[in-house]
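Student: Please take a close look at a single part of this model and explain it in detail. I would like to see how that part relates to the chain as a whole.

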Amino acid sequence: MKGKTNSPKFPHDIKHPVAVAHYKEKIALFYKKPNRSSEISLYVTLSKNGTSFKDSSRRVVIFHGENEESMEKCDSFRISMLHGEYFLTYIKKEGAKKYLIIAQSKNLLEWKVIAKTSSIDETSVIIPEQKQDGSHNLYFGNTFIHIAHSKNLKIWSPEKTHLLTPRTAYFDQAPITPMAVSETPMGIFLLYDTSTRLRDHSQIQVGGALFSPNNPTQLIWRSETPLWRQSNVQKNQDVEPIGAIFLKKKIILYWSQTGKGLLTLTIHHPFTKLDHK
């Protein structure tokens, strides 16, 4: 698939980007850094084109009850939009256990935790504006892709069935992690990262799967070749997927790159995007 590597511009203090979101015709980039009290907090900055971000940023606050959530042991952030509001999923480590946390926001700056569950402890992304039989759904996984259902976005029931697995005969032999999901006229389009390590270099690989618009477990298409592959990531630089932005004719993909901040790629959108409701 055709695409290009972008040359992103972003503030020098962005060393650990964690998530992206579409916000009022702009792209919001979330990142971690120490606050004035030397505690790890979230910050957000904006971009008009998805690659050049403003030097100015604002602090993001996530409330768990009356207390502010600490970001130090949180990772695997993903953001979806439902009913005109934003829903943030991330994994939080507490001792030996990991929990899926879901927070809700109207403005991306103030969030309220609405769910915490130990039944899911892997990267998760909520399917936007989609319900089946009265349930919301999310895809999750760090090796295989599964699905979970919820009536209220607070209590989740994961299925054990693997919807997607690594394939030894194809490009996606490495573990699979969901990057982002979008509704299209043809179905529910899931982008997944299946990057791998080749000696002292990371090889970026992105795959895609299309599920039935009426059944998020029914696979109707899966890419046989990578939507994007890039082997020239700098030596000894690990990359971690942080999400993607779906536009009408293209998709901007984002990774956090160890010590280097942000890596972005733009690829052609294989399916026409539905307008957000």
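Tutor: A strand is here a DSSP run of type E with at least two residues, and strands are numbered from the N terminus. The model under discussion is a predicted one. With that term in place, the part chosen for inspection is Ala 19, which lies in strand S2 (residues 16-23).

The relative accessibility of Ala 19 is 1%, and anything under 20% counts as buried, so Ala 19 is buried. Its surroundings can be listed once residues up to four places away in sequence are set aside: Ala 19 then touches Ala 28, Leu 29, Phe 30, Phe 77, Ile 79 and Ile 242. A further relation concerns Trp 255, which is 236 residues from Ala 19 along the chain, with the two C-alpha atoms separated by 8.9 Å.

The whole chain gives the setting for Ala 19. It contains 23 strands and 0 helices. Its radius of gyration is 18 Å, close to the 19 Å that the globule rule gives for 277 residues, so the chain is as compact as a globular protein of that length. The C-alpha trace spans about 50 × 45 × 40 Å along the principal axes. Buried residues make up 55% of the 277 in the chain. Of the contacts between residues at least 6 apart in sequence, 47% join residues at least 24 apart. The exposed area of the chain is about 13,300 Å², of which carbon and sulfur atoms supply 46%. The side chains include 38 positive and 25 negative ones, and the centres of these two sets lie 5 Å apart.

Strand S7 (residues 74-82) offers two residues to set beside Ala 19, one of them Ser 76. Ser 76 is buried, at a relative accessible area of 14%. The backbone of Ser 76 also deserves attention. Most residues other than glycine have a negative phi. Ser 76, although not a glycine, has a positive phi of about 55 degrees.

Asp 75 is found in strand S7 as well. At 38% relative accessibility, Asp 75 counts as partly exposed. Leaving out residues up to four places away in sequence, Asp 75 touches Tyr 90 and Ile 91. The distance from Asp 75 to Leu 164, C-alpha to C-alpha, is 22 Å, and the two residues are 89 apart in sequence.

Another alanine serves for comparison: Ala 115, in strand S10 (residues 110-117). Ala 115 counts as buried, with 5% relative accessibility. Beyond its neighbours within four places in sequence, Ala 115 is in contact with Leu 100, Ile 101, Ile 102, Leu 153 and Lys 154. Ala 115 and Gly 261 are 146 residues apart in sequence, and their C-alpha atoms are 30 Å apart in space.

Leu 153, one of the contacts of Ala 115, lies in the loop between strand S13 (146-150) and strand S14 (157-158). Leu 153 is buried, with a relative accessible area of 8%. Its phi is near 70 degrees, a positive value in a residue other than glycine.

Finally, the aromatic rings. The structure holds 8 aromatic pairs. In one of them, Phe 189 and Phe 246 meet edge-to-face, at 6.0 Å centre to centre and with 70 degrees between the planes. This pair links distant parts of the chain, 57 residues apart: Phe 189 is in strand S16 (residues 187-193) and Phe 246 in strand S21 (residues 239-246). Both Phe 189 and Phe 246 are buried.

In the pair of Trp 221 and Phe 271, the ring centres are 5.4 Å apart and the planes stand at 85 degrees, so the pair is edge-to-face. Trp 221 lies in strand S19 (residues 215-222) and Phe 271 in the segment after strand S23 (261-268), so the pair ties together parts that are 50 residues apart in sequence. Trp 221 counts as partly exposed, at 31% relative accessibility, whereas Phe 271 counts as buried, at 13%. Ring pairs link Phe 189, Trp 221, Phe 246 and Phe 271 into a cluster.

To return to the part chosen at the outset, Ala 19 is a buried residue of strand S2, and its contacts include Phe 77 and Ile 242.

Conventions:
Residues numbered from 1 in each chain as written. Predicted model: local features only at pLDDT ≥ 70, side-chain atom pairs only at ≥ 80, totals over all residues. Heavy atoms only, no water. Helix = DSSP H or I, 4+ residues; strand = E, 2+ residues; numbered from the N terminus. Rg over C-alpha atoms; globule rule 2.2 N^0.38 Å. Buried < 20%, exposed > 50% of the residue type's maximum accessible area, 1.4 Å probe, protein only. Contact = heavy atoms within 4.5 Å. Areas by Shrake-Rupley, 256 points an atom, 1.4 Å probe, with all protein chains shown as cover. Lys, Arg positive; Asp, Glu negative; His and termini not counted. Charge placed at Lys NZ, Arg CZ, Asp CG, Glu CD. Phe/Tyr/Trp six-rings, centres within 6.5 Å; stacked < 30°, edge-to-face > 60°.
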